[in-house]
Amino acid sequence: MPGAAEMQIHDPLLGVDVERLEREMENYQEWMDQRTEEAYNIASQARAKGLDHSLEVEIPRASDLASRTEKLLVQYLEGAKVADDIRQLLAEFDRETTAIKMATMVSKRFRENGYDLQKSIDVGLRVGLAILTEAVLVAPLEGISEVKLLANVDGTQFLSVNFAGPIRAAGGTAQALAVLIADMIRRELNVDAYKPTDGEVERVKEEFGLYRGGLQYRPPPEEVDTIVRACPVMINGEGDQDIECAGYGRVRNIEGARIRGGVLLVIGEGLCLKAPKVQRHTERLNVPGWDFISTFANKNKEKTKDEKSNKFKSRKVPRISKFMDDIIAGRPVFGAPLEPGGFRLRYGRARTSGLAAASCNAASMAAMNDFIAVGTQMKIERPGKACAITPCDIAEGPWVILRDGTFKQFNTEDAYRKEENEIKMIWDNGEIVLGYGEFMENNKNLVPSGYNHDWWAADLLDGLDSEQAVEDFCRIMVIEKATLPDGIPGLPLNQYEDMHRRFKIRRDWRDFLIAQKPNWDSCKEIAVRFSTSLPPPHNPWWLDLPIEWLPALIQAIETATVRDGNLTFIDGVKGWNAQLMDELRPESEVVLDSENLPGPSIPIEDGIFTDIPPMYWVLRMHGIVKGSALVLGLGHHHDGDDLVITTGWQALLEGLGFSLNGRAPIKIENSEQIFRDRIDSLRKASKILEDEILRKGDLEKKRSAVRIAAETNARQRGCGIAETDRIGNDAAREVADPGPKNPEEYLRSQMLEDDHQVDGIISQIRQISRLRWEHSAPVRIGCRMGRPEKSAPREKPTVHSLFPIALSGGNQRLISNAADQKDLRVQMGIRFCSVCGKKSPMINCHHRKLDSHGEGKPGEVCGGRTELRISTENENSRRRGELQTIRLDNLLEDAR
Ligand SMILES: [Zn+2]
C-alpha cells in the first residue's frame, strides 16, 4: 500500500475497499448490459412487425462519446471512421478543443477524398457539434438543417449555415461554438468570409424586434449590427415562426419573409451570452476576425471591474427569487427566499432520496398541511430549480406554537398528529436535506450549513485522537467505556496498520456520535476539551435575532430565575393573546409603546437599517422575551403569565455573558456595552451609506438633465435614434462622479453592513463567550409547491395515437370532427405502398382492397408496407411533408 504518511487524513477514499466496490460496479454494469440486450431483443421483434417507421431499433448502442458520435452521424459519414481519432484527441484535449480539431480534420479529409465543398463542410460541422453535445442530442442532425455556399455581392463565395429549432437543446455554448467551428472549417477549405448587405443586417434586427418567443437574451439593435456584420459565416435558417417581416421580408440570401427562430437563438443565446467561452478559444487558437466577440465577452467584465474599483466584495449568500415566479393559486409557498421560518439547509442524502430530490422530516410534511407528500414536486431556491421530496428521519422536524403558547418541536408524524388541533402557527419548517452533489450538478457554489450533529461528530472524530481523549470523552459524557464502539477514531494515520479497519472504526464512531444527545454541561465541557462548537439544541439561531432587541433582552434576563431546570421569566408573557396570530399581518407595522407589548415593558432600540425595529410583528404579538425565545428556537411554555424556557436557555445565558449564581443569572461580561458599541457603529455606517445613496441620486438627476438637453439638441439636428442615444449618454458621462466623500469610510461602512447581514450578532457572542460558536441556521432554502398533477395521466380516455389533423378538428382538435369533413388536407410525408403501389401517408397502406368491380371493400385494407420516397423538387419534404388529401372518414371506419 502507498505510504500512509503521504495520504491526506481527509481523503474520502481512505480505507474504502475500492477493489471490491469496483468489482461490484462491474457486475452491476454487466447485469445492466444483459437486461439491455433483452430489451433490445424484444424491441427488435416488435419493430420487425412493420407497424413503425423503421424496421429496426434506431437507437444504436455505443460505449463512449467517440463511438456514439460515429453511430449518431452514420448517415452523414458514409462509412468514414472517426471514433478512433476522437478517442485520441479526447485523451489529450478537452471536449471543446476536440470538437474544433475534429471538425476541421473531418472536413479536410472529406474534401481530399473528392467530396464537394458543401458536403465536406456539412459533415465536419455535424461531427463538431456532435462532440460538443456528447452525441446524445438530435441537435447535430436536426439542429443544422442545411449548409450552403452562397455568393457575396462581390462574387466571392461564402458559407451559410441554416440553424433550426432543435439547436436549442444543444445549449448556448454549443450553438456559439458551432459558428466558430464553421468559420474554422471555411478557412481550412478556402471559402471567403461573409460580407452582409445592409438589408441582411436590418433583417436580423427586424426579426429580433418581432420575435415573440422566449429568449434568454435579446440583444439591442446595435449589438445585432456588430455581430451580423462581423461574423465571418452567415447564421441563416428557415422561417419557422408565423410572423412575417414587413420591412425586410425579401432580402438577398434569405428565403421567405418569416422569422427564423434558429438564427435568433444562435445569435442571442449563443454568441451574445457565451461570448467569453468563444473568446477563450479564438484567443488560444489565434483565429483572426473574431475580435468582435471580445466586446461582448468583456461587457459583463467591465461591470465587475467597476465594482472592483470599490474594493468591496459582499459575503452575502445571494437571494434567489426565481422559484417564486408563476405562483399558482392554491399552491402554498413554504418559505420566501432565505427567509427565517423556511426550511433550514442540511447536507446529506437519505436512502429514500434520489437525484434532484430532497428529504424532510415526516412531521414537516404533515405540518405543511399535507401539501408535501412523498414525491411532491417543489420549486426551490437553490441549488436547482425544482426537486422531488421524500421523508427521512435525519432531518429535524418543525417548530410550532400551540394555542396555549407552548413552543415545541415535533420529530415524528405521530407526535405531530396527536397535537395537530392545538397548533396555532408553524414557526419553522424544520430541515431540508440536500446532497452536496446537487450543488455540483447544478454548477452552484456551496452555501454554509448549520452546525449540527453531523459537524459535531466530524469534529469529534478527529478530536478523539488518543486513549486519554476517549477516556475524557467517557467521563464528560458520563458513558460506560464498554458501550463505546471499538478503537480510537482520530489516531494519527501512521499509527494504523490497516486502513480498512480505520475506515470501519470511524464509521462506527460517527454513527455513535451523531446519535448522542449531550446535556448542556457535557456539551460545554466537550466544546472546551475538543474545540467543538455546540450541536442543537444548545446552539440558538443567533443570526435571526435582531441586534436592536439585545439591550432589552439582556435587561429582561437580569430579572429571570432558574426553577426546576428551566429559565423562568416572571410575567414574561403578561398580556399575551393567541388570537393575534390569527390576524393577517398589516402591510406596515405601527410601533407601539413598550407598555402595550406583551411581557415586560422594556423600550426596544429603533431600527438601524430599517424605520422600525426588525421583525416588529414578532414583538407586537409576543413581546421581547417570548419573541426572542421564538426567534432563537428555544423551546418553552407558559405558566400563567410566566414564560418558562425549557431548552437551550443555558446557551442563551452563556452567549450573552451570564453565569448562574444559584437560581439567578448574573452578568459576568459587560455584554450590554458590547452590543451598544456595535449598534452605534452600525448606525454610523447606516448614515454614511444613506448619504452616498442621496449623493448618487443627485448625481443621476444632474446627469439626466444634461442627457435630455443633449438629446433634444441632437434630435433637432436630425440625428437618428441610435445617434441621439449615444450623444445623450456621452453628455451624461461628462458630468463627473467624484465618488463618496470619504471613500475609505464608505468602504468600511459597506463591509460593516455586509458583515452584519452575514453574521448578525454571532461576532459579539464570540467576543463575550470563550466557547466556539458557529451558525446554527445560516441559510434557509425558500421553496413552494410545484404542480404534481402535471405528472399524472390526465387524458380521458387516454391517448393512444397521434394523427396530424392540423386545425380541422375544431378548437378541441377532435378527430371525429375532422372526419366529418370527409376529405382531410394536411402536410404529411409521401410514402408509396410496396403491394399496390399507391401513394399513402401511412406506414401500412390504408387503401381499401378492391372487389371484382374495382370498388373498395369497406373494412378490408391493403395493409402493405409503405416506403418513404423523397421527391426531388422539394428538398424539405422529408421533414415537412407535403400537402395531401386523405379520406379520414374511411380511414376511421376501416380501423373499427
Ligand atoms: Zn397498398
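This is a short walk through one predicted model, from the whole chain down to single residues.

Let me begin with the chain as a whole. Please keep in mind that everything I describe is computed from a predicted model. The chain has 896 residues, of which 46% count as buried, and its secondary structure comprises 30 helices and 27 strands. If you lay the C-alpha trace along its principal axes, it spans about 110 × 80 × 70 Å. The exposed area comes to about 47,100 Å², and carbon and sulfur atoms supply 50% of that area. As for how the chain folds back on itself, if we take the contacts with a separation of 6 or more, then 70% of them are between residues 24 or more positions apart.

Turning to charge, there are 120 positive and 137 negative charges in the chain, and the mean positions of these two sets are 4 Å apart.

Now to helix H1, which covers residues 18-48, and to two surface patches. The first is a negative patch, made up of Glu19, Glu22, Glu26, Glu30 and Asp33. Glu22, which I take as an example, is found in H1, and with a relative accessible area of 43% Glu22 is partly exposed. The second patch is nonpolar, and Tyr28, Trp31 and Met32 form it on the surface, together offering about 320 Å² of accessible area. Tyr28 also belongs to helix H1, and its relative accessible area of 48% makes Tyr28 partly exposed.

Next come the salt bridges. As a reminder, side chains of opposite charge can pair when their charged atoms come close. How many salt bridges does the count give? The count comes to 73 salt bridges, and I would like to go through three of them.

The first joins Asp242 to Arg258, with the closest N and O atoms 3.8 Å apart. Both residues lie in the loop between strand S3 (234-236) and helix H11 (261-272), so the pair ties together parts of the chain that are 16 residues apart in sequence. The two partners do not fall in one accessibility class, since Asp242 is exposed at a relative accessible area of 70%, whereas Arg258 is partly exposed at 36%.

The second is a local pair within a helix. Arg726 forms a salt bridge with Asp730, and here the closest N and O atoms are 3.2 Å apart. The two residues are four positions apart in helix H25, residues 721-734, which means that about one helical turn separates Arg726 from Asp730. Arg726 is partly exposed, having a relative accessible area of 42%, and Asp730 also counts as partly exposed, at 32% relative accessibility.

The third pair is Asp823 with Arg887, where the closest N and O atoms are 3.9 Å apart. Asp823 lies in strand S21, residues 823-828, and Arg887 in strand S27, residues 882-887, so this pair ties together parts that are 64 residues apart in sequence. Asp823 is partly exposed, with a relative accessible area of 43%, and Arg887 counts as partly exposed at 38%.

Beyond these pairs, there is also a network of salt bridges, in which Glu558, Glu605, Lys667, Glu672, Arg676 and Arg683 are linked.

Finally, I would like to look at two residues in the interior. Is Met378 buried or exposed? Met378 counts as buried, at 0% relative accessibility, and its place is in strand S7, residues 377-380. If we set aside the neighbours within four places in sequence, the contacts of Met378 include Phe334, Ile372, Cys387, Ile432 and, much further along the numbering, Cys783, Arg784 and Gly786. Phe323, for its part, is 55 residues from Met378 in sequence and 9.2 Å away in space, C-alpha to C-alpha.

The other residue is Thr532, which sits in the loop between helix H20 (520-530) and helix H21 (550-557). Although Thr532 lies in a loop, Thr532 is buried, with a relative accessible area of 0%. Which residues does Thr532 contact, leaving aside its neighbours within four places in sequence? They are Tyr451, Trp456, Asp459, Leu460, Ile526, Ala527 and Arg772.

That is the end of the walk, and I am glad to go back to any of these places on the model.

Key. Residues are numbered from 1 along each chain as its sequence is written. Side-chain values use heavy atoms; hydrogens and water are left out. Patches are made of residues with over 30% relative accessible area and no salt bridge: like charges are joined within 9 Å, nonpolar side chains (Val, Leu, Ile, Met, Phe, Trp, Tyr) within 5 Å. Accessible areas come from the Shrake-Rupley method with a 1.4 Å probe; for residues, only the protein chains shown count as cover. A salt bridge is a side-chain nitrogen of Lys or Arg within 4 Å of a carboxyl oxygen of Asp or Glu. Lys and Arg count as positive and Asp and Glu as negative; His and the chain ends are not counted. The place of a charge is taken as NZ of Lys, CZ of Arg, CG of Asp or CD of Glu. Buried means under 20% relative accessible area, exposed over 50%, partly exposed in between (1.4 Å probe, protein chains only). Contact means heavy atoms within 4.5 Å.
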